[in-house]
Amino acid sequence: MNRRLLAALGSAALALSMAACSGDGAGSGGNDSDQPGDLTIGVSMPTQTSERWIADGNSVKEKLEAKGYQVDLQYAGDDIPTQSQQVDQMITRGADVLIIAAIDGTALSGQLQAAADADIPVIAYDRLIRDSPNVDFYVSFDNYKVGVAQATALLVGLGVQTKDGAKGEAKGPFNIELFAGSLDDNNAHFFFDGAMDTLKPFIDDGTLKVTSGQTNIEQVAILRWQQEAAQRRMEDLLTSSYTGGTKVDGVLSPYDGLSRGIITALQNAGYKGADFPVVTGQDAEIASVKLIDDGVQSSTIFKDTRLLAEQAVVAAEAFLTDKAPEANDTETYNNGVKVVPSYLLPVQTVYKDDIKPVLIDSGYFTAEEVAAGQAG
Ligand code: GAL
């Protein structure tokens, strides 16, 4: 019997005894534990250093509060012990559902076991939680397709391919470098796999050359997705592999924060104007959207976090009413223990021309925010 059912039975018993005392007829009282205001959803987000997670946290909170739920929202400062402790506290404070975007996808098994023992459903938010049977649902985007879209945007930016997938005019060879996200984030592997499957034929036929020779995810990953670490790696690559007039033409970057570090390194090394390398991204962070608008960054992948938040709320409500949330993928996301039923949202590539129709017209950003490179 689950905890909520026990609570419901408890309050039904209480209602009955109160009815007996007051002499009220049957049917008075009701089950107060099912009122949204009595239910708390714990929302654990990884960090506030990236604007997207702030937007995600706020969206989830606002949408849940609009439905009358209590929300316990915590940010973990990209520190694994802090996140573990925050989730522990959410459980002890009596959360009814947990929504978690993990820092390290494998570090929360203990917390998830405690949640399962207390019958608290767990929804993995955007990042899959691995190595635990106690992940009940996953809301995210099609992460492999994000990688494909990033690599395709690199090919389009270089002119090797056109936006509609046809062969482009440019023949290369082009010098490129590859970046990946944090190895402890399940998504980083999906992005890199999607990108490499797309780029490999062009590397094999010599159109693209990874000058540094660094093509394994372990060699190109950036721990915790840190902008400064990406900048340092790009600086190191420029000094070690781009000497004697060799120029870098393109950089596969899986996330806007990394892209900004990479762009800073390139600018400091004197790259500018029409010769500026093609740099990809992800998340449509406002500072990067401005860089795209200014013609510095080539593209980003837009993942509408409003829709992701909405799906997390839909899944949480399903659990709170003892229903299974509706999945649209029950095959892709094996977390090492089981396949986690998932709801995956589509993604969209944004080049300069797409900023207005995709980001501004949908109300994601205003034209003023894009011009200022700052939200709010
Ligand atoms: C990933 C996420 C990306 C990006 C990255 C860095 O897990 O899917 O969209 O936000 O983290 O925060």
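A residue counts as buried when its relative accessible area is under 20%, as exposed when over 50%, and as partly exposed in between (1.4 Å probe, protein chains only). Asp72 is buried on this scale, at a relative accessible area of 13%.

The structure above is a predicted model, in which local features need pLDDT of at least 70 and side-chain atom pairs count only at pLDDT 80 or more, while totals for chains, interfaces and linings use all residues. Residues are numbered from 1 along each chain as its sequence is written, and side-chain values use heavy atoms, with hydrogens and water left out.

**Salt bridges**

Let's begin with the charged side chains. Side chains of opposite charge can pair when their charged atoms come close. A salt bridge here is a side-chain nitrogen of Lys or Arg within 4 Å of a carboxyl oxygen of Asp or Glu, and the model holds 17 salt bridges by that rule. Here are some of them.

| Pair | N to O distance |
|---|---|
| Arg93 and Asp72 | 2.9 Å |
| Asp294 and Lys290 | 3.1 Å |
| Asp361 and Lys356 | 3.1 Å |

What does the salt bridge between Arg93 and Asp72 tie together? Arg93 sits in the loop between α3 (80-92) and β3 (97-100) and Asp72 in strand β2 (residues 70-75), so the pair links parts that are 21 residues apart in sequence. Helices (H or I, at least four residues) and strands (E, at least two) are DSSP runs, numbered from the N terminus. While Asp72 is buried, Arg93 is partly exposed, with a relative accessible area of 48%.

In the second pair, Asp294 is partly exposed at 45% relative accessibility, and Lys290 is also partly exposed, at 25%. Asp361 and Lys356 are both exposed. There is a network of salt bridges as well, linking Arg52, Asp56, Asp126, Asp283 and Lys303.

**Two open sheets**

Strands of a sheet pair through backbone hydrogen bonds, either parallel or antiparallel. Two strands are taken as paired if DSSP finds at least two bridges between them.

One open sheet has 6 strands in the order β2-β1-β3-β4-β5-β11, with parallel pairing. Its edge strands, β2 and β11 (342-345), each pair on one side only. From one strand to the next, the twist averages 15 degrees; such angles run from 0 to 180 degrees between N-to-C directions, with axes as lines fitted to C-alpha atoms, for helices over the stretch in contact. Within this sheet, β3 and strand β4 (residues 122-125) are joined in the parallel sense by 3 bridges, and Leu98 has Val122 in β4 as its bridge partner.

The other open sheet has 4 strands, ordered β7-β6-β8-β9, and its pairing is parallel. Its edges are β7 (208-210) and β9 (278-279), each with a single partner strand, so one side of each is left without a neighbour in the sheet. Strand β8 (residues 250-252) pairs with β9 in the parallel sense over 2 bridges, and Gly250 stands opposite Val278 in β9.

**Helices**

Helix α11 (residues 305-320) lies across β1 (40-45), β3, β4, β5 (137-141) and β11, running at about 170 degrees to β4.

How do α3 and helix α4 (residues 109-117) pack? Their axes are 9 Å apart, at an angle of about 10 degrees. That makes α3 roughly parallel to α4, a term for angles under 35 degrees. Ser84, Val87, Asp88 and Ile91 in α3 meet Gln111, Ala114 and Ala115 in α4, where contact means heavy atoms within 4.5 Å. By class, this contact has 4 nonpolar, 2 polar and 1 charged residues. Ala, Val, Leu, Ile, Met, Phe, Trp, Tyr, Cys and Pro count as nonpolar, Asp, Glu, Lys and Arg as charged, and the others, Gly among them, as polar.

Notes: Angles under 35 degrees count as roughly parallel, over 145 as roughly antiparallel, 65 to 115 as roughly perpendicular and the rest as oblique.
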